[in-house]
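Please open the model in a viewer and follow the stops below in order.

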There are 2 protein chains.
Amino acid sequence: MELSPTAKVILGMLSLSPRSGYEIKSFVDKSTRFFWAASYGQIYPELRKLEAAGLIEGEDAPTGDRKRTVFRLTPAGEQALHDWLRVPPEVLEMRHEGMLKVFFADALGPGERRQRLLDMREQHLEKLAALRAVEAARTKDEDTSTYLILRFGIEFNEWIAEWCERAARELAPEPVNAERSR
Amino acid sequence: MELSPTAKVILGMLSLSPRSGYEIKSFVDKSTRFFWAASYGQIYPELRKLEAAGLIEGEDAPTGDRKRTVFRLTPAGEQALHDWLRVPPEVLEMRHEGMLKVFFADALGPGERRQRLLDMREQHLEKLAALRAVEAARTKDEDTSTYLILRFGIEFNEWIAEWCERAARELAPEPVNAERSR
DNA sequence: AATTTCATGTAATTAGTTACATGATTAT
DNA sequence: ATAATCATGTAACTAATTACATGAAATT
C-alpha cells in the first residue's frame with residue numbers, strides 16, 4: 001500500500017503518541033514544518049482515509065461539550081509505518097525563492113547580487129530564530145530523533161546564513177549588518 | 001501582476017537568453033532543479049499565458065522541418081522580472097523524506113536511527129555527484145550568479161552529508177562507509 | 001466582555017507530476 | 001537500422017493551499 005505524503009507524517013506523529021487532527025497539525029508546525037508541512041485541508045480527509053484503510057482508529061475524547069477524536073495506530077498502521085521507514089528515502093524537493101532570485105540576480109546589473117544574498121540570509125535568520133524558540137521551550141528530550149532533527153534545522157539554517165554572508169562579503173568588502181536597509 | 005511559480009523561472013531563464021520551451025526545461029534540469037523544478041506540463045501552458053499577457057513573445061525558429069518556437073522577454077516582461085527580483089523572497093518550502101524518516105526513526109527501536117541517517121547521507125551524496133558533473137561540464141562562468149548557486153548546491157550537499165556522517169558516528173563509534181550494507 | 005485557543009471540516013482554487021501522443025533530426 | 005535527442009503539447013490525476021464556516025472552552 002503506497003502511503004500519500006500526508007499519510008507518512010500522520011502515521012509517524014501517531015507513533016509518538018495518540019492525538020487528534022488538531023494536535024497533529026500544531027505539532028507539525030513546531031517540528032517538521034521546516035521540511036515537511038501539512039495543512040488541515042490535507043490532514044482531516046487523510047485521517048478518514050487512513051481509518052477506512054484500517055491503519056488508524058479514532059476514539060471519541062471530547063473536552064466538555066466540544067467534540068474531539070483521538071487517533072491511534074492499529075497494528076496494521078504500525079506495520080505500514082515500519083515498512084515505509086525501512087526503505088531509503090526518495091522524495092527530496094525544494095521551492096527556494098531566495099536562491100532563485102540570487103540565481104537570476106545578474107538581470108538587475110552587477111551591484112544587485114549582494115542584496116539578493118542578504119535577503120536570502122535574512123529569511124534563514126528568521127527560520128533560525130523560530131527554531132531556537134522551539135528549542136528553548138522544549139523539555140528533556142536530548143536523546144530523541146526529534147531533538148536531533150531540531151538541532152539539524154538550527155545548524156542547517158546557521159550554515160546557510162553564514163554561507164550567504166560569506167558570499168556577500170566576497171562581492172564587496174564592507175561589513176554585513178543584520179538589518180536590511182533599503 | 002502576481003507571477004506563478006513557473007512564470008518566475010521562465011522569465012528568469014529568458015533573461016539569460018531567448019530560448020524554446022524544451023531548452024528551458026533542459027537548462028532547469030541542469031541548474032535550478034535541486035531547488036526549483038519545472039515540468040513540461042507546467043512550462044508549455046505557462047509560455048502561452050505569458051505570451052497572452054504580453055510578457056514574452058515567441059518567434060518561429062524551426063530546425064529543418066521540425067517546428068520550434070524561441071521566446072524572448074518583452075520590455076514588460078523584463079520589468080515584471082525586475083519587480084519580482086527586487087522584493088525579498090517569500091516561498092521557502094521543502095519535502096525532505098530522508099529527514100522525516102530520521103525524525104520518526106525511534107519507532108523502529110534504538111539501533112535504527114543510525115541507518116536512517118546513513119540513508120539520508122547517501123541521497124545527498126548522489127545529489128552532490130550530479131552537481132559535480134554539471135560543474136565539470138561547464139565553461140568559464142566563474143563570475144556569474146548561476147555559477148555561485150552551483151557552488152552553493154555543491155557545498156550545501158557536502159555539508160548535509162557530513163552532518164549525517166557526524167550524527168551517525170556519535171550514535172556508534174564504528175567508521176561510516178560510503179556504501180549501504182543491508 | 002472580548003480575544004485567543006481548541007476543534008473539525010469543506011469548497012474552490014492553484015500547483016504539479018506522470019503518462020501519453022506525435023513526429024523530426026542526429027548520432028551510433 | 002536503431003536509439004537518443006530535439007520539440008511540443010494534452011489529459012488524468014495527485015497534491016496542497018487558502019478561505020470559509022461553525023462553535024465550544026479557556027484566558028485576559
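A polar contact is a pair of N or O atoms within 3.5 Å. With that cut-off in mind, select B:Arg66 in this predicted model: a polar side-chain atom of B:Arg66 lies 3.0 Å from a sugar or linking oxygen of DNA strand D.

Next, select A:Arg66, which places a polar side-chain atom 2.7 Å from a sugar or linking oxygen of DNA strand D. Then move to B:Arg95; here the partner is a phosphate oxygen of DNA strand D, at 2.7 Å from a polar side-chain atom.

Now colour the elements that give two or more residues to the surface near DNA strand D: in chain A these are helix H1 (5–16) and helix H3 (40–52), and in chain B helix H2 (21–30) and helix H3 (40–52). H3(B) gives the most, with three residues.

Widen the selection to everything around DNA strand D. How many residues surround DNA strand D? There are 22, and among the closest are A:Gln42, A:Asp65 and B:Arg48. On the side of the DNA, sugar and phosphate account for 69% of the atoms of strand D that come within 4 Å of the protein. The residues of this surface divide into five nonpolar, ten polar and seven charged.

Finally, display chains A and B together. A rotation of 180 degrees, with 0.0 Å of shift along its axis, superposes chain A on chain B with an RMSD of 0.0 Å. The two copies are thus related as by a two-fold rotation axis. To locate this axis, select A:Met94, whose C-alpha is the nearest to the axis in chain A, 2.2 Å from it. The copies meet through the same surface, because 100% of the interface residues of chain A are also interface residues in chain B.

Notes. Residues numbered from 1 in each chain as written. Chains lettered and ligands numbered in written order. Predicted model: local features only at pLDDT ≥ 70, side-chain atom pairs only at ≥ 80, totals over all residues. Heavy atoms only, no water. Near = heavy atom within 4 Å. Polar contact = N/O pair within 3.5 Å; in protein donor to acceptor, adjacent residues only side chain to side chain. Helix = DSSP H or I, 4+ residues; strand = E, 2+ residues; numbered from the N terminus. Nonpolar A, V, L, I, M, F, W, Y, C, P; charged D, E, K, R; others polar. Least-squares fit on C-alpha atoms with pLDDT ≥ 70 in both. Contact = heavy atoms within 4.5 Å.
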